[in-house]
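Please open the structure in your viewer and keep the selection tool at hand, as this tour goes from one selection to the next.

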Amino acid sequence: MAAQSEYTIEESANLVGLSLNEFTKKASSYKLPGFKTNKIKRTTLEKYFTIKSDEVFDSQIIAISNQKGGEGKTTLSICLGEALSQTDRTLLIDWDPQANATNLFHKDLDKSVMDVLGYRGKKTIPIDRIIVPLSKNYDLIPSSLDLANLTTPYERDDFELLKEAILPIRSSYKYIIIDCPPSLGLILENALIAADHVLVPIQTRAFSVQGLKDLYETIEKIRKKANPRLKLLGAVLNQYEGQKALSGLADSIRKYFPVFKTHIYRRESIPQSQAKMSLLSAYDPQAMNYFLELADEVKGKINV
């Protein structure tokens with residue numbers, strides 16, 4: 001069952017395992033946001049209380065992130081999501097203002113993820129109204145250039161806009177993939193606060209240790225201050241060409257991230273399938289095997 005995003009005082013007390021009297025006293029002393037209006041956000045409860053252990057999500061949220069551009073984040077996000085959807089219901093969130101994942105499959109959508117965030121008091125619509133199906137078991141939350149306006153936090157909760165927006169649908173999916181933008185800042189921090197795991201794609205032709213160091217420090221900052229459950233799944237060597245790969249690449253990466261055993265080899269059919277607005281499994285099943293292997297390794301790491 002999908003989780004609510006707002007709770008009454010009575011529901012909140014039950015959720016955190018306190019009597020109504022105990023909860024009311026604590027909420028009053030904390031000056032809990034939403035207490036006076038009887039509309040308390042789940043994210044607020046998570047900040048001030050411990051949610052009962054039986055309130056768990058079935059889904060695993062994986063942020064695909066690298067602040068460097070040209071690392072293949074969108075391709076890996078789309079294809080890993082497609083691979084995971086072969087066995088489990090999967091959602092891809094296009095969380096990049098460039099909206100590349102969205103534009104590969106749909107043009108001129110009138111609503112996007114920005115319409116569900118409520119940034120700067122903007123009126124929101126239910127998130128299920130913007131979900132676009134890609135195939136059986138595989139859905140998309142589209143993006144648009146409007147997301148580029150999410151740059152400066154105006155409220156304390158602006159760092160958790162994405163986390164809160166997806167609460168109503170979170171348990172409707174086994175896996176949720178977030179395709180992050182190639183930058184640091186409020187958009188990426190929203191993704192990392194919403195996520196359970198981080199996966200870092202690295203193109204072997206365009207490697208930068210400095211970029212990894214900055215990303216690692218951002219992840220550690222989020223984990224310590226805002227999202228202690230966030231885990232590093234590791235780095236994936238993307239568009240790999242075997243002996244042509246940079247010497248010592250994996251060893252350099254391991255200074256910051258574990259490295260997946262699965263490599264995504266360079267194959268022309270991968271960008272060709274996107275140019276034809278086709279999912280990879282229908283266009284080149286052999287190339288899809290790379291991502292199926294990666295999906296299996298991802299599941300193994302998550303289950304551990």
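What follows is a walk through a predicted model, beginning with the sheet, going on to individual strands and helices, and ending at a loop residue.

**The sheet.** Begin by selecting the seven strands that form an open sheet, which come in the order β5-β6-β4-β7-β3-β8-β9 and whose pairing is mixed. At the edges you will find β5 (132–135) and β9, each of which pairs on one side only. As you go from one strand to the next, the twist averages 25 degrees.

**Strands β3 and β7.** Next, select residues 60–64, which make up β3, together with residues 175–179, which make up β7. These two strands pair in the parallel sense over five bridges, and within this pairing A63 stands opposite I178 of β7.

**The helices on the sheet.** Now add α4, a helix that packs on the sheet and touches β3, β4, β6 (138–141), β7, β8 and β9, with its direction making about 170 degrees with that of β7. Then add α12, residues 285–303, which also packs on the sheet, where this helix touches β3, β7, β8 and β9, and its direction makes about 160 degrees with that of β9.

**Strand β8.** Move on to residues 197–203, the strand β8, which is mostly covered, since seven of its seven residues are buried. Which residues point one way from β8, and which the other way? Show the side chains, and you will see H197, L199, P201 and Q203 on one side, with V198, V200 and I202 pointing the other way, all of them buried. In a regular strand, side chains alternate between the two faces of the sheet.

With β8 still selected, bring back its two partners. β3 runs parallel to β8 and is joined to it by three bridges, while β9, residues 231–238, pairs with β8 in the parallel sense over seven bridges. L199 is a useful residue to centre on, as its bridge partner in β3 is I64, whereas its bridge partner in β9 is G234.

**A loop residue.** For the last stop, select S85, which is found in the loop between α4 (73–84) and β4 (90–94). Is S85 buried or exposed? S85 counts as buried because its relative accessibility is 4%, where the cut-off for buried is under 20%. To see what surrounds S85, show T90, K136, N137 and Y138, the residues with which S85 is in contact once its neighbours within four places in sequence are left aside.

Notes
Residues are numbered from 1 along each chain as its sequence is written. This is a predicted model: local features need pLDDT of at least 70, side-chain atom pairs count only at pLDDT 80 or more; totals for chains, interfaces and linings use all residues. Side-chain values use heavy atoms; hydrogens and water are left out. Buried means under 20% relative accessible area, exposed over 50%, partly exposed in between (1.4 Å probe, protein chains only). Helices (H or I, at least four residues) and strands (E, at least two) are DSSP runs, numbered from the N terminus. Two strands pair if DSSP finds at least two bridges between them. Contact means heavy atoms within 4.5 Å. Axes are lines fitted to C-alpha atoms, for helices over the stretch in contact, and angles run from 0 to 180 degrees between N-to-C directions.
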